[in-house]
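Me: Could you take a close look at the aromatic pairs in this structure and at what surrounds them? I am a first-year student, so please explain each term as you go.

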Amino acid sequence: MKMTDTTIIGAGQSGLSMSHALSQRSIDHLVLDRGEIGNSWRTQRWDSLRMLTPNWANGLAGAPYSGSDPDGYMTASEFVLQLEAYASRNTSQVLRRSAVHKVTHTNGGFLVESESGSISSRTVVIATGATACSSIPGAANYLPSSVFQITPDRYRRPSDLPPGGVLVVGASASGVQLARELRLAGHDVILAAGSHVRLPRRYRGMDIEHWLEVTGTLDQTSHDIFEQNRARKLVSAQLMGGTENVDLNALQSLGISVVGRLADIRDGNALFSGGLANLAASADLKMHRFLDLVDGWIAENDVEMPQPDRPGETSLPIVPTLSLPLDNGPIRTVVWATGFVPDFSFLDLPVFNRRGRLIHDGGVCQLPGLYVLGLPFLRRRRSSQISGAAHDAAELAQHIETHLRTRTAA
């Protein structure tokens, strides 16, 4: 049986950042992953995907971006190469193809049972991320068998889909990108949109990520926000890697039809909410509030920038579509871009609430010695971004060091 101070489960950006932070403190540890380094980036991304954030924003702990294209948007495969190179320079031993089957509590800490054998570990860091499994609504069970269905983590390219119309359910980053790609590939596309976050790709000459950074928005902590749970459920903004906007107006200009949130599938018909206009107005309002913040920052800092170039208000059909036939209708595929959930099924520990959600405070779980990384708004808004991994890992590594020292002294 292997023995270590800390076992890190997951070798993506969060797990590797934690390994770097622990190495800086000379804390003995192992990193395990079910596949290869950056496994989800290798196996759960479509071919054309590019990072939502520009390259300059995708540095890792102790390794800022140093390439020749800071304002570009790297592909998933390029990011995997970055992770591989980073791991070879900055992390402890990575046990690849070492899926974890169970984690239990012991007197000395934890027992981690994996494909590589059992590990006795004083502390455990769960860095498997927030997107391990697709979240598919129950309505999928009532989809006619004649309609093909797929999730973004299984989709690779338009040719994966049969000919005919496509209903994309969900209008966060994945949904709008796939709707656009499928429309440009020749499919008739309908996008079912519920609550969403609208932002322009660029504003006043700069990428929107620049403004999120300099205004301090990304560094807002969970304690700065009144409704933490609501903030953690916020969907990803309607952005794609590149210069194009992919908001509802841009998609409609390509010929994509936009309908409200999918409410149900009944008797072979998809039923949609009629409240999209209100949700779009709310998204517009919040976008303008942020752009007001940007304009205020520019004025306060006396920075010379191009004049405001705000997007127009979201335009929608006056009469909303409330139903659509699926049984022998024009729709031959449904893409469930309805989000993702983490997978903590390997934890045989009393750390969940009644709804099965992991209980933690900024990544520190209620069971001493157990930590989690890579969840939305873990400690600050940037937690779900590449740049957030380094910040969160450094703070949790300090907590781990204190925990190990206190337990040794006891």
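Reply: A good place to begin is Phe79, which is buried because its relative accessible area is 0%, where buried means under 20% relative accessible area, exposed means over 50%, and partly exposed lies in between (1.4 Å probe, protein chains only). This is a predicted model, in which local features need pLDDT of at least 70 and side-chain atom pairs count only at pLDDT 80 or more, while totals for chains, interfaces and linings use all residues. Residues are numbered from 1 along each chain as its sequence is written, and side-chain values use heavy atoms, with hydrogens and water left out.

The structure holds 2 aromatic pairs, and rings of Phe, Tyr and Trp (its six-membered ring) pair if their centres lie within 6.5 Å, with planes under 30 degrees apart counted as stacked, over 60 as edge-to-face and the rest as tilted. The rings of Trp41 and Phe79 have their centres 5.0 Å apart and their planes at 70°, so this pair is edge-to-face. The pair links distant parts of the chain, for Trp41 belongs to helix α2 (residues 39-43) and Phe79 to helix α3 (residues 76-90), 38 residues apart; helices (H or I, at least four residues) and strands (E, at least two) are DSSP runs, numbered from the N terminus. Trp41 is buried too, with a relative accessible area of 13%, and the charged end of Arg45 sits over the ring of Trp41, 4.3 Å from its centre. A charge sits over a ring if NZ of Lys or CZ of Arg is within 6 Å of the ring centre and within 35 degrees of the ring normal.

Turning to Trp211, this residue is buried, with a relative accessible area of 0%, whereas Trp297 is partly exposed, with a relative accessible area of 23%. The rings of Trp211 and Trp297 have their centres 6.0 Å apart and their planes at 65°, so the pair is edge-to-face. Trp211 lies in helix α5 (residues 208-214) and Trp297 in helix α8, so the pair ties together parts that are 86 residues apart in sequence.

Trp297 also has a contact with Val303, which touches Trp297 and Ile298, not counting residues up to four places away in sequence; contact means heavy atoms within 4.5 Å. Val303 is found in the loop between α8 and β16 (323-325), and Val303 is partly exposed, with a relative accessible area of 32%.
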